[in-house]
Amino acid sequence: MTQQGIQESRTQAGYKLAAPDVALPAGGASRLLSRKVGNVAVGLVFPAALFLAWSYASQRELIPAQILPAPGLVVQTLTELASSGDLHTNIAISLGRVLGGFAAGGAAGLALGIAMGLSRRIEEHVHPLFKALAQVPALAWLPLVMMVAGIGESLKLILIAQASLIPVAINTFEGIKNVPRSYIEVARVFRFSHAQLLRKVVLPAAVPSIAVGVRYGLTQAWLSLVTVELLASSEGVGFLIVWGRQLFQLDVVLAAILVVGIVGLVLDKGLEAIEARLLRWRRAALVHLTEEHLR
């Protein structure tokens with residue numbers, strides 16, 4: 001066999017080892033679909049029971065309507081807020097704050113996590129203090145940041161960035177530290193430079209942990225935003241909750257709470273889809289690496 005034939009056979013073997021084709025057994029697709037539908041149905045049991053209990057309590061007036069509005073009234077309020085444009089405006093303001101603070105905090109957390117994961121000296125000097133500061137909730141920093149930055153947009157961006165930085169940094173650090181030693185040894189056999197080692201081995205192997213940190217960081221950013229808007233804001237979804245409480249319109253409060261939950265769920269599911277694509281990219285990168293070095 002020629003040298004070219006040997007290389008092609010090795011390349012094909014690399015593809016087969018990295019991404020084997022697995023066929024589902026007969027009826028496997030339908031069983032998988034049934035299982036997913038069953039999981040969704042089970043997940044809807046508690047919300048449905050809660051909704052029925054809420055409807056029953058409001059119809060029987062077990063709780064005064066001023067304290068627990070009927071579900072129909074909450075839906076009507078939500079529709080009115082959407083039709084007037086107030087809902088979209090406040091959601092857009094809140095999302096802008098979250099994305100700005102999360103971008104800054106996530107980038108800083110990623111850089112810090114990579115630095116601690118790659119440098120033992122940085123880990124020894126920074127990691128203990130970082131772990132101590134990570135135990136302080138974002139809300140505890142509010143008085144100090146308020147004294148320094150005031151109560152404007154900078155206050156919200158700083159607290160959102162701080163809330164998202166910690167989980168991204170921790171998961172990035174853990175992902176790099178947990179890269180299998182065998183991956184590093186293979187890279188040294190191929191005489192990778194430090195940049196190649198980071199780009200082609202360490203980061204692809206740490207992607208699952210980093211993705212978890214990014215998802216958790218965005219969740220913390222959204223929760224911190226709503227908390228800050230409850231305390232120091234005149235715009236945003238959190239402000240809608242405060243505004244409804246001040247007017248004693250609990251239908252507005254419940255409608256805003258519902259929006260907070262829906263938006264948070266959409267953000268999390270969006271990142272979950274991106275994470276799935278990144279994991280496919282990771283597998284493709286490993287296939288490309290096998291092909292490149294078997295030539």
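In the predicted model, Arg-191 is exposed, with a relative accessible area of 76%. This residue lies in the loop between α8 (181-189) and α9. Its phi angle is near 60°, a positive value in a residue other than glycine. A positive phi is also found at Phe-248, where the angle is near 55°. Phe-248 belongs to the loop that runs between α10 and α11. With a relative accessibility of 53%, Phe-248 counts as exposed, because the threshold for that class is over 50%.

The chain as a whole contains eleven helices and zero strands, and its order along the sequence is accordingly written α-α-α-α-α-α-α-α-α-α-α. Of the 295 residues, 34% are buried. The accessible surface amounts to about 18000 Å², and carbon and sulfur atoms contribute 66% of this area. Among contacts with a sequence separation of 6 or more, 71% are between residues 24 or more positions apart.

The largest nonpolar core comprises 21 residues. Leu-87, Val-98, Trp-222, Val-259 and Val-260 have the most contacts inside this core. Two or more residues each are supplied by α4 (86-118), α9, α10 (237-246) and α11 (250-294). The greatest contribution is that of α11, with seven residues. For Leu-87, when neighbours within four places in sequence are set aside, the contacts are Leu-78, Leu-81, Ala-82, Leu-240 and Val-259. A second core, separate from the one above, consists of twelve residues, including Ala-187, Leu-197, Ala-205 and Ile-210. In soluble globular proteins, nonpolar side chains tend to be buried together.

A buried charged-type side chain was then examined at Glu-229. Glu-229 is located in helix α9 (residues 194-231). The relative accessibility of Glu-229 is 0%, so this residue counts as buried, the limit being under 20%. The side chains of Glu-229 and Arg-97 are joined by a polar contact of 2.7 Å. In addition, the Glu-229 side chain reaches the backbone nitrogen of Gly-238 at 2.8 Å. Not counting residues up to four places away in sequence, Glu-229 touches Ser-94, Arg-97, Glu-235, Gly-236, Val-237, Gly-238, Phe-239 and Val-242. Arg-97 and Gly-238 thus appear both in this set and as the partners of Glu-229 at 2.7 Å and 2.8 Å, respectively.

Terms used: Residues numbered from 1 in each chain as written. Predicted model: local features only at pLDDT ≥ 70, side-chain atom pairs only at ≥ 80, totals over all residues. Heavy atoms only, no water. Helix = DSSP H or I, 4+ residues; strand = E, 2+ residues; numbered from the N terminus. Buried < 20%, exposed > 50% of the residue type's maximum accessible area, 1.4 Å probe, protein only. Polar contact = N/O pair within 3.5 Å; in protein donor to acceptor, adjacent residues only side chain to side chain. Contact = heavy atoms within 4.5 Å. Core = buried A, V, L, I, M, F, W, Y, C linked by side-chain atoms within 4.5 Å. Areas by Shrake-Rupley, 256 points an atom, 1.4 Å probe, with all protein chains shown as cover.
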